[in-house]
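Please look through the sequence and the model before reading on. A student and a tutor will then discuss them.

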Amino acid sequence: MIYGNPRVVRVNDTTDLIGIRTLVLSKMWQPSRGDISEAEIDAEKPSIPAVSGGLMLVGEQTRQSEGGLRTTWTFQGINGDGKSVTFKDRSNSLDYGFESGFAQVSIQRHPRFMDLLSEYGGYPDNDGGRVLWPPKLEDNKPGGGLSSNSNTGTNPMFGVNEYFQMEGTYRFRYASPTLPGKILASTGTICTALPGQPPPLVEGRNWLMLPVSYRRRGTVFDITEQYWLSGRGGWPEPVYSSFTKSGTRSTGLQSVSIQPVSGL
């Protein structure tokens, strides 16, 4: 038995780094009798509490609690009336970061590959996708090659078919009341203008835009853009540059008009 007049209580109220708010409210209540049916429970449940215009009901749960029932409501969205900008959009979000790593790639992708072939006497094996290097420098080059190997004549490239290069993924997350209409237009293309603060590029590297991921979070969209950092020399433009309507190549998000549209 519940005595008094139970009130709506705030179970949880959190706002994340880009301004997306999750509000959880609940209320205890007493059904009219113990053998109440599911349809009667639905009819007797307390009404949904009033919340600010920036929030939307995304979940509801009713459970047994302390001799009665407790209904819990989950709202998501943003703070305020839903008309004022209280979230972080693509222009000012602080939710971004870079995760670096090493990748093992073919030696044929090395930016100095042709120089290595000339200096160490290798040649590609087209059938196996490997490079054949002579075991000793003097087997291919007069004078025994580099002075550091003059005692043994060993070719430092013998057996080398792969090398490690630094790569990485840059992520940028933001909120938007609408979903960009051409959100996939730049996917798989080289981009030069990234939001936030990506690490500075060196050694001719550039960025390749990955497919954008997003979720509906109440009244707004939770959007994450991702970019792959290339190896030295960059992603090849003949393969990854985008095309304008006139057929000419262009690079970067700025070459694609991304306009918001209402709704999904």
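The questions below deal with nonpolar cores and salt bridges.

Student: What kind of model is this, and how are residues numbered?

Tutor: Residues are numbered from 1 along each chain as its sequence is written, and side-chain values use heavy atoms, with hydrogens and water left out. Local features need pLDDT of at least 70, side-chain atom pairs count only at pLDDT 80 or more, totals for chains, interfaces and linings use all residues, and the model is predicted.

Student: Which strand supplies the largest share of the largest nonpolar core?

Tutor: A nonpolar core is a set of buried Ala, Val, Leu, Ile, Met, Phe, Trp, Tyr and Cys residues joined through side-chain atoms within 4.5 Å; buried means under 20% relative accessible area, exposed over 50%, partly exposed in between (1.4 Å probe, protein chains only). The largest core has 14 residues, and Y170, L194, W207, I223 and Y227 have the most contacts inside it. At least two of its residues come from each of β8 (162–176), β11 (207–209) and β13 (220–229), where strands are DSSP runs (E, at least two residues) numbered from the N terminus. The largest share, 4 residues, comes from β13.

Student: How many residues are in the second, separate core?

Tutor: This core includes A103, V105, V131 and W133. In soluble globular proteins, nonpolar side chains tend to be buried together. The number of residues in the second core is 12.

Student: How many residues apart in the chain are D16 and R173?

Tutor: The side chains of D16 and R173 meet in a salt bridge, at 2.7 Å from N to O; the term requires a side-chain nitrogen of Lys or Arg within 4 Å of a carboxyl oxygen of Asp or Glu. D16 lies in the loop between β1 (9–15) and β2 (21–29), while R173 is in strand β8. The pair links distant parts of the chain, and the separation is 157 residues.

Student: Is R173 buried or exposed?

Tutor: R173 is linked with D16, D95, R217 and D222 in a network of salt bridges. Its partner D16 has 26% relative accessibility, so D16 counts as partly exposed. R173 has 17% relative accessibility, so R173 counts as buried.

Student: Why does D35 count as exposed?

Tutor: D35 forms a salt bridge with R33, the closest N and O atoms being 2.6 Å apart. R33 is partly exposed because its relative accessibility is 38%. D35 counts as exposed because its relative accessible area is 58%.

Student: How many salt bridges does a search of the whole structure find?

Tutor: One salt bridge joins D115 and R112, with the closest N and O atoms 3.9 Å apart. For the whole structure, the search finds 15.
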